[in-house]
Amino acid sequence: MATFGYAQLPVPGGGDGPTMPGHLADLAEAIDPHLWQHANDLADRNTKYSAAPAQTVVVALDGTTWIKVSSSSNTWVTVWEPLADWQPLALASGYEPGQTVPEARIDRGQVHLRGTIQRTDNGLIPTSGGVKLGTVPDECIPQQIARYDGGASLTGDAMTGVCRIEVFSPDQDANSLGARGSLIAYSQDGSHDSGTPGLMWVDISGYYWLD
């Protein structure tokens, strides 16, 4: 039987026997791996297509699109997925949202944080040795400790308006500042002059990788 196109689809010729049902079945079987398959969500994809061949493409109801990269294991790469909703952070006791709400969002393996945090009593956030401001959602906990530069107030005795933000990984569970997922701020503002060390608020805006 002759084959045509890049997909090498089987098409019977004049010399082939009159086995129409069998020929149609062969053609359908050859076409199927090249179709975009459908699933309701990730769980449905895993149930239906875990044994599919490599290069199978599956599209979920929300438009999430995956390509299978292994014929022997249920391994996929994500081609596209809609942005997740922003999620609120659980703030530590004594802290509250500032001018903007503290939130987290996951996008393609990165966690993006935004918002400001201040004390509920309008006092200064202590900076000596680090302070826990809150906790990120469980799905936003990094595999290794994440660090980036955050913003801080310039009101009062502040000198730089910058602080270090850390998000703790599972190996920090014994840390005295907090366990996995803890959002920690460090700053030296006000600690090198005669003023009172501390910050009026901290801006947590930044991002880090999950892996």
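At 40% relative accessibility, Val77 counts as partly exposed, because that label covers values between 20% and 50%. The model described here is predicted, and this valine makes a handy starting point for a walk through it. Val77 belongs to strand β6, which spans residues 76–80. On the surface, Val77 joins Val69, Val79 and Trp80 in a nonpolar patch. Together, these four residues offer about 370 Å² of accessible area.

From the surface, the walk turns to strand β16, made up of residues 182–186. Is this strand enclosed by the rest of the structure, or open? Five of its five residues are buried, so β16 is largely enclosed by the rest of the structure. Looking at the two faces of β16 separately helps to picture this. One side carries Ser182, Ile184 and Tyr186, the other carries Leu183 and Ala185, and all of these residues are buried. Both faces of the strand are therefore covered, since buried means under 20% relative accessible area.

Which strands does β16 pair with? One partner is strand β13, residues 131–135, which runs antiparallel to β16 and is joined to it by four bridges. Within this pairing, Lys132 has Ile184 of β16 as its bridge partner. Another partner is strand β15, residues 162–167, where four bridges again make the connection and the strands run antiparallel. Here Val167 is matched with Leu183 of β16. Ile184 and Leu183, the β16 residues named in these pairings, lie on opposite faces of the strand.

A further group of strands forms an open sheet. Four strands take part, in the order β7-β10-β11-β18, and their pairing is antiparallel. The edges of this sheet are β7 (87–88) and β18 (206–209), each of which pairs on one side only. At the β7 edge, two bridges link β7 to strand β10, residues 103–107, in the antiparallel sense. Across this pairing, Gln87 stands opposite Ala104 in β10.

The cysteines round off the picture. How many disulfides does a search of the whole structure find? The search finds zero. Cys140 counts as buried, with a relative accessibility of 0%. Cys163 also counts as buried, because its relative accessibility of 4% falls under the 20% cut-off.

Key: Residues numbered from 1 in each chain as written. Predicted model: local features only at pLDDT ≥ 70, side-chain atom pairs only at ≥ 80, totals over all residues. Heavy atoms only, no water. Patch = residues over 30% accessible without salt bridge, like charges linked within 9 Å, V, L, I, M, F, W, Y side chains within 5 Å. Areas by Shrake-Rupley, 256 points an atom, 1.4 Å probe, with all protein chains shown as cover. Salt bridge = Lys/Arg side-chain N within 4 Å of Asp/Glu carboxyl O. Buried < 20%, exposed > 50% of the residue type's maximum accessible area, 1.4 Å probe, protein only. Pairing = 2+ DSSP bridges. Disulfide = S-S within 2.5 Å.
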